[in-house]
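Welcome! Please look through the model shown here, then try each exercise before reading its worked solution.

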Amino acid sequence: MNKEAKNLDNPRKQPYAGYYLRNDRANSEVDVELTHCGPDTPLGEYMRRFWQPVCMSEELTDVPKAVRILNEDLVVFRDRSGRVGVLDRHCSHRGTSLEYGIIQQQGIRCCYHGWQFDVDGTILEMPCEPAESRMKEGIFHGAYPAFERSGLVFAYMGPPEDKPDFDEFDSFSMPADGRLVPFTNVYACNWLQVFENLIDHFHAAALHNNMTVDSLDAEIRDGVSLGQGFRTMPVIQWEATRNGHGMMFSAGRRVSDEKVWVRITELNFPNLVQTASVVPAAAELRHTTVGMTRWHVPVDDKNMIIFGWRHFNDEIDPTHHGDESKCGLDKVDFLIGQTSHRTYLEGQRAPGDYEAIVSIGEIAAHKLEHPGRSDVGVYMCRNLLRKVIRGETPVDTSRDAALERGDTLPFYSADSVLTLPKVDGADDDALLKDTCDKVVGIMKECDALPSAERKAHARKRLDDIDGGNFVAD
Ligand code: FES
Ligand SMILES: [Fe+2]
């Protein structure tokens with residue numbers, strides 16, 4: 001008997017167990033409920049109840065744009081009167097792709113026999129049919145409602161009778177002189193592993209202060225690092241928000257003997273994430289709001305696109321570290337490693353989110369994971385998502401109340417740097433947790449206020465923490 005064999009009862013749990021583990025990945029099943037997005041799948045039907053970005057405005061030119069979204073092949077165009085159409089890609093007549101269609105004053109015309117479709121799928125002309133034919137009155141081409149907003153094209157792909165309002169958050173118009181700059185990042189993997197990466201904040205302390213980058217030259221190191229503040233392992237707490245329709249984490253870090261930094265990141269189901277500042281210098285900032293809004297849109301089960309806005313304003317980025325010119329089609333200005341555009345070797349030397357997430361595989365095999373305490377947020381995210389997909393989550397009352405008032409929706413993501421001197425002999429982690437709880441509580445107090453009053457309220461209450469006058473609401 002070879003002396004390397006140590007655990008004959010369970011040969012999978014011994015050194016050099018590769019032989020016994022080798023087929024696990026190939027044999028593992030994926031979590032269909034959370035990852036498959038096509039028509040009639042649980043996730044796909046749930047996602048279709050929300051407005052989803054489908055392309056960037058700049059992609060709509062004099063020719064149509066072919067896209068695949070939620071496993072449906074579509075064509076997007078802006079007709080010559082300025083209206084956006086999102087149509088089934090294949091012509092209702094005999095199937096020619098409308099990506100070869102001719103954009104009209106009203107709608108689009110199929111190149112093959114000239115059928116003309118309006119943006120709502122009404123057939124306007126069938127030039128090869130007899131003039132007296134009423135055939136076009138009995139057919140509708142598949143079409144989805146769409147609109148453009150700040151450089152993104154949104155479509156609603158659910159039942160027309162259930163069409164919701166677009167979720168308009170405070171952050172989309174705050175501050176008033178802020179600019180929303182659109183961008184995309186294209187990922188060759190399932191949507192969920194990109195979405196849940198944002199609630200997995202521990203990775204920022206490893207990947208984005210990569211334990212290997214000390215050996216790299218300064219330019220690359222700065223490009224893949226989020227800054228010194230993120231290098232500290234945070235104290236993190238996760239919780240559900242919006243009655244289970246979202247979740248957030250608060251991460252507390254001590255930045256000096258006097259100051260602590262609380263970062264909150266929130267995601268909203270099905271696929272929206274807003275983060276606080278994504279540029280360095282957050283450590284000096286008193287309180288910042290949203291730096292980035294992203295929708296994580298499945299293309300099909302093995303591909304996805306991040307559609308987002310980077311927020312540019314002097315409040316979130318007073319030192320102007322961000323660069324609008326670097327945001328656009330499959331590019332964004334923060335952290336290299338967000339796209340597939342680098343070489344394999346560059347990715348190996350300084351891996352970023354793209355390399356870490358796509359290399360998991362086309363669809364992550366959850367059953368092969370070994371989750372620890374640091375993964376609580378990721379697993380909470382999956383559990384909450386499963387519940388909303390199944391319709392087991394109660395109605396989001398805060399959303400409905402805000403919309404009823406004609407208000408925009410509150411958000412929780414923020415960076416707050418607060419004075420909190422270290423106390424000799426005290427448990428600093430407990431102090432950090434307590435401070436995180438207070439900041440989260442303050443952000444939640446804002447839910448009940450009109451949107452115009454929320455920011456001032458949050459700042460005043462944060463000042464109270466700083467000045468030691470804080471009283472829990
Ligand atoms: S296939 Fe489009 S008009 Fe005939
Ligand atoms: Fe990351």
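**Exercise 1.** Find the bridge partner of Val75 in S4, and then place both strands in their sheet.

*Solution.* Start with the pair itself: Val75 is bridged to Leu87 in S4. Next, look at the strands: S3 and strand S4 (residues 84–88) run antiparallel and share 5 bridges. Strands here are DSSP runs of E with at least two residues, helices are runs of H or I with at least four residues, and both are numbered from the N terminus. Two strands pair if DSSP finds at least two bridges between them. Now widen the view: the open sheet has 4 strands in the order S2-S3-S4-S9, paired in the antiparallel sense. Finally, check the edges: S2 and strand S9 (143–144) each have a single partner strand, so one side of each has no neighbour in the sheet.

A word on the model: it is predicted, so local features need pLDDT of at least 70 and side-chain atom pairs count only at pLDDT 80 or more, while totals for chains, interfaces and linings use all residues. Residues are numbered from 1 along each chain as its sequence is written, and chains are lettered from A and ligands numbered from 1 in the order in which they are written.

**Exercise 2.** Work out the order of the sheet that contains S5, and name a bridged pair within that sheet.

*Solution.* First, the order is S5-S6-S7-S8, an open sheet of 4 strands with antiparallel pairing. The edges are strand S5 (102–103) and strand S8 (123–125); each has a single partner strand, so one side of each is left without a neighbour in the sheet. Then go inward: strand S6 (residues 108–109) and strand S7 (residues 116–117) are joined by 2 bridges, again antiparallel. For the bridged pair, take Arg109, whose partner in S7 is Gln116.

**Exercise 3.** Decide whether Leu70 and His320, with their positive phi values, are buried or exposed.

*Solution.* Begin with the background: most residues other than glycine have a negative phi, and most peptide bonds are trans. Leu70 is not a glycine, yet its phi is positive, about 50 degrees. Leu70 sits in the loop between strand S2 (65–69) and strand S3 (72–78). The test is a count of other C-beta atoms, placed from the backbone, within 10 Å of the residue's own: 20 or more means buried, 12 or fewer exposed, and anything in between partly exposed. Leu70 has 23 such neighbours, so it is buried. His320 also has a positive phi, near 55 degrees, and lies in the loop between strand S19 (303–312) and helix H9 (344–349). His320 is exposed because it has 11 C-beta neighbours inside 10 Å.

**Exercise 4.** Locate the cis peptide bonds that lead into Pro175 and Pro270.

*Solution.* Take Pro175 to begin: its cis bond comes from Met174, with omega near -5 degrees. Pro175 belongs to the loop between strand S11 (152–156) and strand S12 (179–187). Then move to Pro270, joined to Phe269 by a cis peptide bond with omega of about 10 degrees. The loop holding Pro270 runs between strand S15 (259–268) and strand S16 (272–275).

**Exercise 5.** Describe how the chain is divided into domains.

*Solution.* The two parts are domain 1 (51–162) and domain 2 (170–467), with bounds from an automatic or database domain assignment. Their centres, taken over C-alpha atoms, are 36 Å apart.
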